[in-house]
Amino acid sequence: GCDAAGVGSCAFPLHPPGKPDRGREAELMIERPLVVVQGARDAFGRPDEFPSCIRVFEVDGSDHGLKSAAFGAAADRVVEWILAVPAIAG
């Protein structure tokens, strides 16, 4: 069994670059709260390509490597999300 209260992912490879038809959305359909931190220019899937039921925090100006000054702001938003989800915050 899994005792995780929630799941976080950084730079989830939603699909191979240039091949959105080979998506991995099904892997994100889990029975736990889920958050993804994704670069705005990620060739493996931009934030707007994720299913609307997935909470995605965008890192402005970043690609798949998430190397951007905006990463800290996205991390802060993830912490706020964690604290707001009752199953995670306890």
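**Exercise 1. Place Ser68 in the predicted model, then say whether Ser68 is buried, partly exposed or exposed.**

*Solution.* Start with the element: Ser68 sits in the loop between E3 and H1. Next comes the cover. Ser68 has a relative accessibility of 24%, and partly exposed is the class between 20% and 50%, so Ser68 counts as partly exposed. Now look at who is around. Skipping residues up to four places away in sequence, Ser68 touches Val59, Asp60, Gly61 and Ser62. As a last step, try a longer reach: Ser68 and Ile82 lie 14 residues apart in sequence, and their C-alpha atoms are 22 Å apart.

**Exercise 2. Work out which class of exposure Ile82 belongs to, and how far Ile82 is from Phe50.**

*Solution.* Ile82 belongs to helix H1. Its relative accessible area is 32%, which makes Ile82 partly exposed. For the distance, go C-alpha to C-alpha: Ile82 and Phe50 are 20 Å apart in space, with a sequence separation of 32 residues.

**Exercise 3. Do the same for Ile30, using Gly6 as the partner.**

*Solution.* Ile30 is in the loop between E1 and E2. With a relative accessible area of 36%, Ile30 is partly exposed. Ile30 and Gly6 are 24 residues apart in sequence, yet their C-alpha atoms are 9.5 Å apart.

**Exercise 4. Decide whether Ser9 is buried or exposed, and list what Ser9 contacts beyond its sequence neighbours.**

*Solution.* First, the address: Ser9 is part of strand E1, residues 7–10. Second, the cut-off: buried means under 20% relative accessible area. Ser9 comes in at 17%, so Ser9 is buried. Third, the contacts: once neighbours within four places are set aside, Val35, Val36 and Val37 remain.

**Exercise 5. Find the largest nonpolar core and say which elements feed it.**

*Solution.* As background, nonpolar side chains in soluble globular proteins tend to be buried together. Here, the largest nonpolar core holds 10 residues: Ala11, Val35, Val37, Phe57, Val59, Leu66, Ala74, Val78, Trp81 and Val85. Sort them by element, and three suppliers give at least two residues each: strand E2 (34–39), strand E3 (55–59) and helix H1 (71–84). H1 makes the largest contribution, with 3 residues.

Then zoom in on one member. Leaving out residues up to four places away, Phe57 touches Val35, Val36, Val37, Gln38, Arg77, Val78 and Trp81. There's also a second, separate core of 8 residues, with Leu14, Leu34, Phe50 and Ile54 among them.

**Exercise 6. Put the whole chain together: what is the order of its elements, and what radius of gyration does the protein have?**

*Solution.* Count the elements: 2 helices and 3 strands. Read from the N terminus, they run β-β-β-α-α. Now for the overall dimensions. A compact globule of 90 residues would have a radius of gyration near 12 Å, and the protein's 13 Å agrees with that. Along the principal axes, the C-alpha trace spans about 40 × 30 × 20 Å.

Move on to the surface. Of the 90 residues, 30% count as buried. The accessible surface is about 5,400 Å², with 54% of that area belonging to carbon and sulfur atoms.

Two checks finish the job. For contacts between residues at least 6 apart in sequence, 46% join residues at least 24 apart. For charges, the protein has 9 positive and 13 negative ones, and their mean positions are 4 Å apart.

How values were computed: Residues numbered from 1 in each chain as written. Predicted model: local features only at pLDDT ≥ 70, side-chain atom pairs only at ≥ 80, totals over all residues. Heavy atoms only, no water. Helix = DSSP H or I, 4+ residues; strand = E, 2+ residues; numbered from the N terminus. Rg over C-alpha atoms; globule rule 2.2 N^0.38 Å. Buried < 20%, exposed > 50% of the residue type's maximum accessible area, 1.4 Å probe, protein only. Contact = heavy atoms within 4.5 Å. Areas by Shrake-Rupley, 256 points an atom, 1.4 Å probe, with all protein chains shown as cover. Lys, Arg positive; Asp, Glu negative; His and termini not counted. Charge placed at Lys NZ, Arg CZ, Asp CG, Glu CD. Core = buried A, V, L, I, M, F, W, Y, C linked by side-chain atoms within 4.5 Å.
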